[in-house]
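Here is a short report on helix packing and strand pairing. Look over the sequence and the coordinates before reading on.

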Amino acid sequence: MAHDDQELLRAARGGDAECYGTFFRAHHAVVLAFLARRVDEPEVAADLLAETFAALLAVVRDPRRDLPASPLGWLLVTARNLLIDRYRHGMVAETARRRFELAPVALDDRDIEIIVQSGQDEELLGRIYELLPVEQADALTARVIDELDYPVIARGSNTSEAVIRKRVSRALATLRAGLGN
Amino acid sequence: MSSFIDRLETDLVRACDVPVAARWSWPAPLLRLSYRARLRTLAVLAAVAAVATPAIAIGVGPIVRDFLGQPVSTTAVAPPAEQLALLGILRDPPPGATVDPATLSSLGFPEIHGIRTNYIRLLPPAPGFPHQLLYTVTSGRLGAPDPALGEKAPPETKNLICVEEIDATGGGGDCTPTSVLTSGHWRESNGLHGYGLVPDGVATVVLRYTDHPAQTETVTENTFSWQGYPAPEGPIVNGGGHPSPGPTPEIPASVTWLNAKGEVVPTHTGSH
């Protein structure tokens with residue numbers, strides 16, 4: 001639950017590092033599933049996963065910054081933005097990992113299998129539907145995760161493209177406002 | 001044998017536990033220079049900065065951040081003449097419609113740039129849309145990259161018109177090109193409540209439905225609102241194959257613009 005997430009992050013900020021590990025264990029599968037659906041190379045998905053959680057750690061460690069109201073939403077949007085940056089620059093950002101001196105991600109065959117399987121994990125959808133009203137979750141998953149065009153989603157939903165665009169926008173706003181708590 | 005997930009968790013916990021010390025090192029490009037060359041480079045940069053800083057300070061507007069906390073650039077430059085000509089609320093706002101940029105303290109839209117801070121307007125409220133702001137931006141990335149089209153990143157679209165609901169109890173909002181407005185497609189819904197944006201010259205709009213009577217709505221300050229009809233009963237399946245029980249309003253099959261004389265105002269559908 002998002003409420004517990006915030007408590008974990010607050011505890012991590014307060015010095016209980018194990019709480020960040022607990023938070024990581026709760027959400028790494030969802031973020032990895034999100035990423036594994038979007039990239040063909042497991043190494044890239046692993047790098048993006050590490051950078052995403054390191055970026056959130058940077059927020060947690062900075063007492064001047066507010067903790068995200070919806071930490072899972074924050075992770076997913078950040079992962080998506082890092083993915084776009086990776087497309088643009090041809091490499092995965094490593095700013096946060098370098099700051100915390102995280103070891104480079106090295107994958108063996110078993111790790112690669114974990115990543116490939118996570119791309120078919122349905123838990124991701126379940127968590128998004130926990131956080132958002134169903135019509136917003138439908139629109140967000142269809143557009144952002146399934147990468148369907150707005151007209152295609154609109155036809156499938158028996159509604160207009162404009163309505164779908166607004167639902168996606170509202171889903172992001174809902175995550176921002178923490179209404180899914 | 002541990003997986004990379006276990007190793008990453010260990011690293012993150014360790015990083016969370018280590019006190020953050022203020023560390024300083026030469027920026028990476030300077031590391032490639034000799035020590036004396038670094039000092040010369042910094043001296044040149046300092047001289048340039050002394051001249052440039054006042055100019056930068058003039059150009060930086062109020063800080064606006066997106067919902068991830070990332071700063072969004074602003075500009076004091078006016079919107080393009082086309083947008084000003086289309087939207088009287090931008091060009092000649094009624095009393096109380098001009099909004100301080102600080103109100104946009106936490107934007108809901110990622111990846112927009114150049115918010116025009118002197119042209120942020122409060123739109124008339126309507127059921128479901130209690131506190132919407134209209135503003136324009138110099139550019140933004142709409143949607144997600146489409147690998148099928150060979151896109152490595154969403155295309156940057158210039159001169160977007162944005163509407164954002166800033167009250168948590170409301171819904172809606174979007175950033176769209178001007179063509180969405182001129183084509184007559186700028187509409188949003190929140191449950192059965194609807195809200196639309198139209199250009200100057202449109203006094204009323206007629207909403208027509210497939211299964212329900214038409215509605216005629218009056219335009220106020222480039223906006224109109226309506227109460228929609230519930231969609232026909234039945235399962236609705238979204239594009240991802242997931243059932244969606246609704247509520248989903250029946251959307252108008254067509255929207256006709258009328259001027260103050262009751263004459264039809266044509267829309268421009270070719271560019272949308």
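Which residues in helix 3 of chain A meet helix 1 of chain B, and which residues do they meet there?

## Helix contact between the chains

This is a predicted model. On the chain A side, the residues in helix 3 are A46(A), A50(A), F53(A) and L57(A). They meet F4(B), L8(B), L12(B), A15(B) and C16(B) in helix 1 of chain B. By class, this contact has nine nonpolar residues, no polar ones and no charged ones.

Helix 3 of chain A spans residues 42-61, and helix 1 of chain B spans residues 4-17. The two pack at an angle of about 20 degrees, and their axes are 11 Å apart. The angle is under 35 degrees, so the helices count as roughly parallel. Their crossing is right-handed.

## Helix contact within chain A

Helix 3 of chain A also packs with helix 6 of chain A, residues 109-118. Here the angle is about 80 degrees, with the axes 9 Å apart. That value falls in the range 65 to 115, so helix 3 is roughly perpendicular to helix 6.

From helix 3 of chain A come P42(A), A45(A) and A46(A). Helix 6 of chain A supplies I112(A), I115(A) and V116(A). The contact divides into six nonpolar residues, with no polar and no charged ones. A46(A) takes part in both contacts: it meets residues in helix 1 of chain B and in helix 6 of chain A.

## Chain B overall

Chain B holds six helices and 20 strands. Its length is 272 residues, of which 33% are buried. Among contacts in chain B with a separation of 6 or more, 57% join residues 24 or more positions apart.

## Four-strand sheet

One open sheet in chain B has four strands in the order 13-12-19-20, with antiparallel pairing. Strand 13 (215-218) and strand 20 (264-265) are its edges, and each pairs on one side only.

Strand 12 (residues 204-208) pairs with strand 13 of chain B over four bridges, in the antiparallel sense. T204(B) faces T218(B) across that pairing. The two strands form a hairpin, with six residues between them. At the other edge, strand 19 (residues 254-258) and strand 20 of chain B run antiparallel, joined by two bridges. W257(B) stands opposite V265(B) in strand 20.

## Three-strand sheet

A second open sheet in chain B has three strands. Their order is 10-11-14, and the pairing is antiparallel. Strand 10 (187-190) and strand 14 (223-227) each have a single partner strand, so one side of each lacks a neighbour in the sheet. From one strand to the next, the twist averages 20 degrees.

Five bridges link strand 11 (residues 193-197) of chain B to strand 14 of chain B, in the antiparallel sense. H193(B) has Q227(B) in strand 14 as its bridge partner.

## Strand 5 and its partners

Strands of a sheet pair through backbone hydrogen bonds, either parallel or antiparallel. Strand 5 of chain B (residues 112-116) pairs in the parallel sense with strand 3 (residues 74-75), over two bridges. It pairs in the antiparallel sense with strand 7 (residues 132-141) of chain B, over three bridges.

Which residue in strand 5 of chain B is the bridge partner of T74(B)? The partner is I115(B). In the pairing with strand 7 of chain B, I112(B) stands opposite G140(B).

Definitions and conventions
Residues are numbered from 1 along each chain as its sequence is written. Chains are lettered from A and ligands numbered from 1 in the order in which they are written. This is a predicted model: local features need pLDDT of at least 70, side-chain atom pairs count only at pLDDT 80 or more; totals for chains, interfaces and linings use all residues. Axes are lines fitted to C-alpha atoms, for helices over the stretch in contact, and angles run from 0 to 180 degrees between N-to-C directions. Angles under 35 degrees count as roughly parallel, over 145 as roughly antiparallel, 65 to 115 as roughly perpendicular and the rest as oblique. A crossing is left-handed if the near helix is turned anticlockwise from the far one by less than a right angle, and right-handed if clockwise. Two residues are in contact if their C-beta atoms, placed from the backbone, lie within 7 Å. Ala, Val, Leu, Ile, Met, Phe, Trp, Tyr, Cys and Pro count as nonpolar, Asp, Glu, Lys and Arg as charged, and the others, Gly among them, as polar. Two strands pair if DSSP finds at least two bridges between them. A residue is buried if 20 or more other C-beta atoms lie within 10 Å of its own, exposed if 12 or fewer, and partly exposed in between; C-beta atoms are placed from the backbone.
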